[in-house]
Amino acid sequence: MQEMLEVFLQDRDVVPVLKTDEICSACPNDQGGICETEEKVLRYDRAVLGAVGLSEGDRVSFRSFTAKVQEKIIAEGLREKICGDCQWNEICSRKQSRWESLTGFDYF
Ligand code: SF4
């Protein structure tokens, strides 16, 4: 995750996918390219893409994507609706978003 964060911070383009990805490659739930919690993750991914107006395979800069998530999901109070049943929800609900300052960024 730290490695991917360093890549993201270079504002490289990202391409959202509805299957296991680069981040999953180090996750114990990634069983040969299939996530053990696939149903839940697919539900989250679809909800996020729908909320920010993107589709699987769209290419967008990490900064633009993050700004859009911040504005359309976090600032609108939709995070808990989208992924409130995640095992890490308690942590996310207490922690301030590191991307909060990106709200209002001119994306796309
Ligand atoms: S839980 Fe599933 S979707 Fe999440 S990082 Fe692990 S393999 Fe990927």
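Q: What makes the shell around the ligand 5 nonpolar, 3 polar and 1 charged?
A: The sorting goes by residue type. Ala, Val, Leu, Ile, Met, Phe, Trp, Tyr, Cys and Pro count as nonpolar; Asp, Glu, Lys and Arg count as charged; the others, Gly among them, count as polar. The shell divides into 5 nonpolar, 3 polar and 1 charged on that basis. This is a predicted model, where local features need pLDDT of at least 70, side-chain atom pairs count only at pLDDT 80 or more, and totals for chains, interfaces and linings use all residues. Residues are numbered from 1 along each chain as its sequence is written.

Q: Which residues surround the ligand?
A: They are Thr20, Ile23, Cys24, Cys27, Asn29, Asp30, Cys35, Thr37 and Val41. A residue is near a molecule if its C-beta atom, placed from the backbone, lies within 6 Å of it.

Q: Why is Asp11 called exposed?
A: Asp11 has 12 C-beta neighbours inside 10 Å. A residue is exposed with 12 or fewer other C-beta atoms within 10 Å of its own, buried with 20 or more, and partly exposed in between; C-beta atoms are placed from the backbone. Therefore Asp11 counts as exposed.

Q: What is the phi of Asp11?
A: Asp11 has a positive phi of about 55 degrees, although it is not a glycine. Most residues other than glycine have a negative phi.

Q: Why is Ala51 called partly exposed?
A: Ala51 has 18 C-beta neighbours inside 10 Å. That value falls between the two cut-offs, so Ala51 counts as partly exposed. Ala51 is found in helix H2; helices (H or I, at least four residues) and strands (E, at least two) are DSSP runs, numbered from the N terminus.

Q: Which residues are in contact with Ala51, leaving aside neighbours within four places in sequence?
A: Lys72, Ile73 and Leu78 are. Contact puts the two C-beta atoms, placed from the backbone, within 7 Å. The C-alpha atoms of Ala51 and Leu78 are separated by 8.9 Å.

Q: What makes up the largest nonpolar core?
A: Its 5 residues are Val14, Val48, Val52, Phe65 and Val69. Such a core is a set of buried Ala, Val, Leu, Ile, Met, Phe, Trp, Tyr and Cys residues joined through C-beta atoms within 7 Å. Helix H2 (38-52) and helix H3 (62-74) each supply at least two residues of this core.

Q: How do you know that the radius of gyration agrees with a compact globule?
A: The rule, over C-alpha atoms, is 2.2 Å times the number of residues to the power 0.38. With 108 residues, a compact globule would be near 13 Å; the chain has 14 Å, which agrees.
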